[in-house]
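Me: I have a model here and want the reasons behind some of the labels used for it. Please set each value against its cut-off.

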Amino acid sequence: MPTGQQEECLDIFLQQMINGLTLGSVYAVVALGYTMVYGIIQLINFAHGEVVMIGAMVAFSVINALVGAHTGLPPLAIVMTGVLVAIPVCMAVGYTLERVAYRPLRSAPRLAPLITAIGLSIVLQNLAMIIWSRNPMPFPQIITVTPYHVTGNTDGATITNVQIAIIVASVLMMGGLLGLVYRTKLGIAMRATSQNQQIAGLMGIDINTVISLTFVIGAGLGAVAGVMVGTYYGIAQYQMGFLLGLKAFSAAVLGGIGNLAGAMLGGLLLGVIEALGAGYVGDLTNLCQIASWSDAIATRCASDPNLTLFGSNYQDVFAFLVLIAVLIFRPSGLLGERVGDRA
Amino acid sequence: MHALLDLKQNPRTAWIGLALIGVALVVLPFALAAVGTAWVRITNLAILFVLLSLGLNIVVGFAGLLDLGYIAFYAVGAYTYALLASPHFNLHLPFWIVLPIGAAVACFFGALLGAPTLKLRGDYLAIVTLGFGEIVRIFMNNLSQPVNITNGPQGITLIDPFRIGSFSFAERETIAGLDFTGPVKYYYFLIVVLLAVIVINLRLQNSRIGRAWEAIREDEIAARAMGINTRNMKLLAFAMGASFGGVSGGIFAATQGFISPESFVLVESIMVLSMVVLGGMGNIWGVILGAVLLSFVPEVLRYTVAPAQQALFGRLLIEPEVIRMLLFGLALVLMMLFRPAGILPSALRKRELESRK
Amino acid sequence: MMITRKLGLSLVAAALVTTYGCSKEEPKKAEAPKAPAEDVVVIKIGHAGPLTGGIAHLGKDDENGVHLAIDEATAKKLKIGGKTVKFEMMSEDDQADPKMGPTIAQKFVDAKVAGVVGHLNSGVTIPASAVYNQAGIPMISGSATNPKLTEQGFKVVFRTVGRDDQQGPAVAAYMANELKSKRVAIADDATAYGEGLANEVEKTLKAAGVQVIAREKTNDKATDFKAILTKIKGKNPDAIFYGGMDATGGPMLKQARELGMKTTFAFGDGACTSEMSKLAGPASEGMFCSQAGIPTQMASKAFTDAFAAKYGEVKQYAPFFYDAANILIAAMQKADSADPAKYLPAVAAISFDGATGHVEFDAKGDRKDAEMTIFQMKGGKVEPVAIIKAGKTTKIGGEAPAAAPMAPAAAPMAPAKDAPKK
């Protein structure tokens, strides 16, 4: 049944693409936070991943409390309440971070704010652990996940309502942000600040407020991203921010850091690369298939047909390799302008 | 401390100071063993962290290249030792051969990381090194398939202790009426290595190479204009820092007797970085102080914070481990904000960090 | 530098003599307050495990088990060497950190404990065991399942819990024989525990002629499993085994169901908790999982009652640590000595009926014929469905055989519904 098998392969491929795009949308929204801050003051806000985590934790606490109180609210309203509480909390965290830890170091050597950022990341993670404990917080079962079939095959690729919501939400946020930056006065002020702080200041722009607002908006996006990722996987815990942040940062660099559309593109690409990498690299490097000419390998394959060189165990490596490759071969990213200057 | 030990300006006080420190270092393990041999082990771990901090200090402090994956070299050194001196491959090479090999392999990895990242600026470099550290760990965790090299997450057991002929570092012996336990012997070995590393560092700092690193840290373009081969100098910094990490890793593997990838996680890299930053980037004595302080913090917390909380609240509200991590984080933040040059700042570093404010 | 050292040497010699004097006195000082009455002798037993950190609740659970055993033994006013014994527990926190293992072990050696019950994690127990071995102090772990622990040839190392290569085959046998799986996919979390268990499952399944069609890995901090699940789905397995903890196993199960996979899932003991039903929701219903030893619900009634009265519900390994402590005490009684060198042979030769059934050690220090239990998620709770011992499966049905405390576990003692609620 060659056609049936082909169809099945196509289904698997489609499913991996859907997985990758959903994951990528989450990366993209987190990456927006990095890229906005970087765009305006050339600082890697290492603690952004933790802001995302705090967003998820706050929202989950609110959602769990509402579900526990049996308010009778519809699930969507409960989730939205969670998001609406999480956004201001994250904004406050973002504002505090900028005010306390980054602003005093704005003119210090580059190493200083980076080290502070790492320190803050550790502090936030441990504070979250004290507040919410180490145990993963489950997302209450209030949303029924409905899979929709993408192809005619009833056992084939599906996309769930949650996945659709995540992709749509991220596109909306992206659009809103682009509108903000290119259509509003604040956006003009932001772009001016990123070009030249001093001149922008001379033109009557309150640099400090603009930079604070950038952090606050980035943190607000982070809160939404936190809820998205938490709802998608049904779990939130104090360590979730770090790796997510790192990968989102890789996505921002891939797309061209400082470039909003680049963050979106980079996020989606990275998500797809990870999904396809975990899904296919294992089979592509299966020694039993690519090196069956060797007798020694053939004998081992008889007992162990899954003799792969690089399998899904290297899933996290793919993101880092992409990051390193981009930085070496095209440091400005796919859509970015020239950023490389002296160390 | 610096002035006290300045042999040129004040030879007499300097010699007396050195003699006192020497005596203290020789007597220390026995004094600690009197309280409990466990303290000697804790001290040994602290010395290992001092070694690591001094290695990282070359990269971060001298050359100004922020390396967030430093623990990878420690891991490379540890695995080199474990693979060449354990039943895993049935190789039992003596340590004086394996340790240099470990240093060389780590050195190679240092250059391997350095080469492609030369052109990157500070913050990108930090992220790439972080990724590199994770990649090394993930590979060690997974290189049990298709050919078993590292034994994966199961780790490597029964690693040989240091041995010279029939003299084993792991066994307890009584020499001249003194009780030499395994940890005490390792202590003396570590002290010798530490002294060697300090001497190398001091000599490096005031050498042509050290000044070249300093110049690169201050202004790379200017350094290049002055005729410094910045590429080679940066590579050298990575390679030297890495080789110190490699030696420490080898000693770690031998003292533990068992290693697995879970000992080489990112947090360890950040811990070493905190030690360097706390003490003062670029200042050897500051870095040593920072490493010693942060190494003993968990022990001190265990005996103070936990009982204090028990007494005050009747239960443990915040675990010592969490407080330790909070301290690491806060050390990084507060030091950068209020004392960017560290507890004991290096003179040059101080000038640099304060003038730009 | 040279001169310094020479100069120092003479001073050092003097200093050394004084310090050495101190170190000799120290043990005497420590022992002095231990004898309030003349014929009462204090025997210290060490317990080590993570008392802070991510799995502190499990470490505390084990500590409670040891504490209970020691209190009971002291209350019995046992006589060893003609003197009434008061047992004392010295509990240390190893933070589940491998580099703390030898340090904690050294603390016990310094304190001259008679024996050690612990540690919890294999990764910590292995480096610590070398220190115990050198000091000749017997160590029994109630939870370190990594086979390597007892493969080091250390005479002082024992464990009351089954090895990964005993648990793995048990769950694999259940999958092959009872679930009649023909095509199985295996995944693990790339930790020593998860990978070790999954490897053993793979081996046994292959030996039983079951096809292992995929072998995937994720990691213990991952949240996205859809990529590997989709890949597995494409190979149409009729069962999936995952070696890992509940924090990853729960979300994995949930995501599999979201992808429309109806395959049976089986897990090891790390994911054999009621937490699974919270993390995976209704998706967890019907999953299988295994635990080393007999189910806590079936631990001897005497133990469960005493433990519940003092500390509440058993989390996971407390009965194994309770037995481990009792075995040390029983061996001391038998040898009539708390000197590790004298009672060590008695530990090796022990034949003991404890809370987890009958315990005997083989030459390596592993438990002979350790029982394994298979559980199934029913109504949000894991309920035992079968006990596997020496390759034989005993199903646990609705009928409850007469309760017989202290009886070997092969005969289940309490009906499952009497289980303490998690």
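Reply: The answers below take up salt bridges, burial and interfaces in turn; the model is a predicted one.

Me: Why is the pair Glu134(B) and Arg137(B) called a salt bridge?

Reply: The closest N and O atoms of Glu134(B) and Arg137(B) are 3.2 Å apart. The cut-off is 4 Å between a side-chain nitrogen of Lys or Arg and a carboxyl oxygen of Asp or Glu, so the pair qualifies. The two residues are three apart in helix H5 of chain B, and therefore about one helical turn separates them.

Me: What makes Glu134(B) buried or exposed?

Reply: Its relative accessibility is 12%. Buried means under 20%, so Glu134(B) counts as buried.

Me: How do you know that Lys60(C) and Glu63(C) form a salt bridge, and which class of exposure does each residue have?

Reply: Their side chains meet at 2.9 Å, N to O, and the limit is 4 Å, so the label holds. Both residues lie in helix H2 (residues 56-75) of chain C, three residues apart. Glu63(C), at 9%, falls under 20% and is therefore buried. Lys60(C) has a relative accessible area of 42%, which lies between 20% and 50%, so Lys60(C) is partly exposed.

Me: Why is Asp305(C) called partly exposed, and what does its side chain meet?

Reply: The value for Asp305(C) is 41%. Exposed requires over 50% and buried requires under 20%, so partly exposed is the class that remains. Its side chain meets that of Lys301(C) in a salt bridge of 3.2 Å, N to O. The two are four residues apart in helix H10 (residues 301-311) of chain C, about one helical turn.

Me: How many salt bridges are found between chain B and chain A, and how many over all chains?

Reply: Between chain B and chain A the rule finds zero. The search of the whole structure finds 32 over all chains.

Me: What makes up the interface of chain B and chain A?

Reply: The area buried is about 4,400 Å², with 76% given by carbon and sulfur atoms. The number of residue pairs in polar contact is zero, counting pairs with both residues at pLDDT 80 or more. On the side of chain B, 31 residues are nonpolar, six polar and 10 charged. H5(B) gives the most to that side, with 13 residues.

Me: How many residues of domain 1 of chain B touch domain 2 of chain B, and of what class?

Reply: Eight residues of domain 1 are in contact with 11 of domain 2. The domain 1 side has eight nonpolar, no polar and no charged residues.

Terms used: Residues are numbered from 1 along each chain as its sequence is written. Chains are lettered from A and ligands numbered from 1 in the order in which they are written. This is a predicted model: local features need pLDDT of at least 70, side-chain atom pairs count only at pLDDT 80 or more; totals for chains, interfaces and linings use all residues. Side-chain values use heavy atoms; hydrogens and water are left out. Contact means heavy atoms within 4.5 Å. Ala, Val, Leu, Ile, Met, Phe, Trp, Tyr, Cys and Pro count as nonpolar, Asp, Glu, Lys and Arg as charged, and the others, Gly among them, as polar. Buried area is the accessible area (1.4 Å probe) that two parts lose on being put together, summed over both. A polar contact is a pair of N or O atoms within 3.5 Å; within protein, one must be able to donate a hydrogen and the other to accept it, and residues adjacent in sequence count only if both atoms are side-chain atoms. Buried means under 20% relative accessible area, exposed over 50%, partly exposed in between (1.4 Å probe, protein chains only).
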